[in-house]
Amino acid sequence: LRFREATITSFVREACKPLRTAGLEAGLDCFSPCLARSVGQDLRALGETGDWIKVMSYGRALGPAGLPFELAGLAGYLVNAAGHTEADALAILSRATGLRLPPTLEALRHHGLAAEEVGREVRRGVAATSAALLAGLEAVDLAGVCETTPERLQQDLLADQAAQPAGLSISWDLMDIPERNLRALRSSWMS
């Protein structure tokens, strides 16, 4: 893991040099802190390389980097390859990540993580890096991938704001963000 982190950090440092020469900032999209190390991302070292980091602490996304997707995949491994029960696998992952996980894989996949758990991950990200940290906020509504209601979006926004990141990043394609979610974001942000 240390080799992987060093390799990725070195690569990112080299990739940032031409950006710096051109007078541009380098922003990095990184996994959520509980998963970053497993994919070779050292948030502290990367923070010394980039100008800002956006953590992909997505609490509902059933796609790469989404916490439900990644944690369900790890739980599946613990069940299928290591012989743990589903409940044991979720308990192991809860202890390893420090997150309160839903009681079943079905609930994890269909309901995701509570907004407070997403906020906890953003706080960890803020503490892990010296770079400005942005919280990635799921505002899209894609059936079967990431279903977001205005109410859940407001809960996530409040949890993210409480974590005190340097800013927020409305994540994913604007074309897939319903107008109702953009309105909810605006009213929450302005209040």
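**Group meeting: Y58 and its surroundings in a predicted model**

I start with Y58, which sits in the loop between β2 and α4. Before going further: this is a predicted model.

Is Y58 buried or exposed? Its relative accessibility is 2%, so Y58 counts as buried. Its side chain has a polar contact, at 2.9 Å, with the side chain of K54. Leaving out residues up to four places away in sequence, Y58 touches A65, G66, L67 and P68, then G136, L137 and E138, and finally S171 and W172. For a distance to another part of the chain, take F31: Y58 and F31 are 27 residues apart in sequence, and their C-alpha atoms are 9.2 Å apart.

Three of those names come up again, so I will take them in turn: A65, G136 and L137.

A65 is in the loop between β2, residues 52-56, and α4, residues 67-80. The backbone is the point here. A65 has a phi near 80°, a positive value in a residue other than glycine. A65 is also buried, because its relative accessibility is 4% and the cut-off for buried is under 20%.

There is another positive phi to set beside that one. Q164 has a phi near 60°, again in a residue other than glycine. Q164 belongs to the loop between α8, residues 150-162, and β4, residues 167-171. Where A65 counts as buried at 4%, Q164 counts as exposed at 64% relative accessibility.

Next, G136. This residue is in strand β3, which covers residues 132-138. Its relative accessibility is 4%, so G136 counts as buried. What does G136 touch, once residues up to four places away in sequence are set aside? The list is K54, V55, S57, Y58, D160, S169 and S171. K54 is also the residue whose side chain is in polar contact with that of Y58. In the other direction along the chain, G136 and L168 are 32 residues apart, with 6.0 Å between their C-alpha atoms.

L137 is also in strand β3. L137 is buried, with a relative accessible area of 2%. Apart from neighbours within four places in sequence, L137 is in contact with Y58, L153, D156, L157, D160, S169, I170, S171 and L185. D160, S169 and S171 are therefore on the list for L137, and they are on the list for G136 as well. L137 and L28 are 109 residues apart in sequence, and the C-alpha distance is 15 Å.

F31, mentioned earlier, brings me to Q41. Q41 lies in the loop between α2, residues 33-36, and α3, residues 43-47. How is Q41 connected to F31? The Q41 side chain reaches the backbone nitrogen of F31, at 2.7 Å. Q41 is buried, at a relative accessible area of 14%. Its contacts, not counting residues up to four places away, are E5, D29, C30, F31, A36 and L46.

One more site, this time in a helix. E117 is part of α7, residues 115-128. It is an acidic side chain to look at because E117 is buried, with a relative accessible area of 0%. Which side chain partners it? E117 and R100 are joined through their side chains by a polar contact of 2.8 Å. With residues up to four places away excluded, E117 touches G98, L99 and R100.

Now the whole chain. There are nine helices and four strands. In sequence order the pattern is α-β-α-α-β-α-α-α-α-β-α-β-α. The radius of gyration is 17 Å, close to the 16 Å that the globule rule gives for 191 residues, so the chain is as compact as a globular protein of that length. The C-alpha trace spans about 50 × 45 × 25 Å along its principal axes.

Of the 191 residues, 47% are buried. Among contacts with a separation of 6 or more, 68% are between residues 24 or more positions apart. The exposed area is about 9,900 Å², with carbon and sulfur atoms supplying 57% of it. On charge, there are 19 positive and 23 negative side chains, and the centres of the two sets lie 5 Å apart.

To close where I began: Y58 is buried, and its contacts include A65, G136 and L137.

Note on methods: Residues numbered from 1 in each chain as written. Predicted model: local features only at pLDDT ≥ 70, side-chain atom pairs only at ≥ 80, totals over all residues. Heavy atoms only, no water. Helix = DSSP H or I, 4+ residues; strand = E, 2+ residues; numbered from the N terminus. Buried < 20%, exposed > 50% of the residue type's maximum accessible area, 1.4 Å probe, protein only. Polar contact = N/O pair within 3.5 Å; in protein donor to acceptor, adjacent residues only side chain to side chain. Contact = heavy atoms within 4.5 Å. Rg over C-alpha atoms; globule rule 2.2 N^0.38 Å. Areas by Shrake-Rupley, 256 points an atom, 1.4 Å probe, with all protein chains shown as cover. Lys, Arg positive; Asp, Glu negative; His and termini not counted. Charge placed at Lys NZ, Arg CZ, Asp CG, Glu CD.
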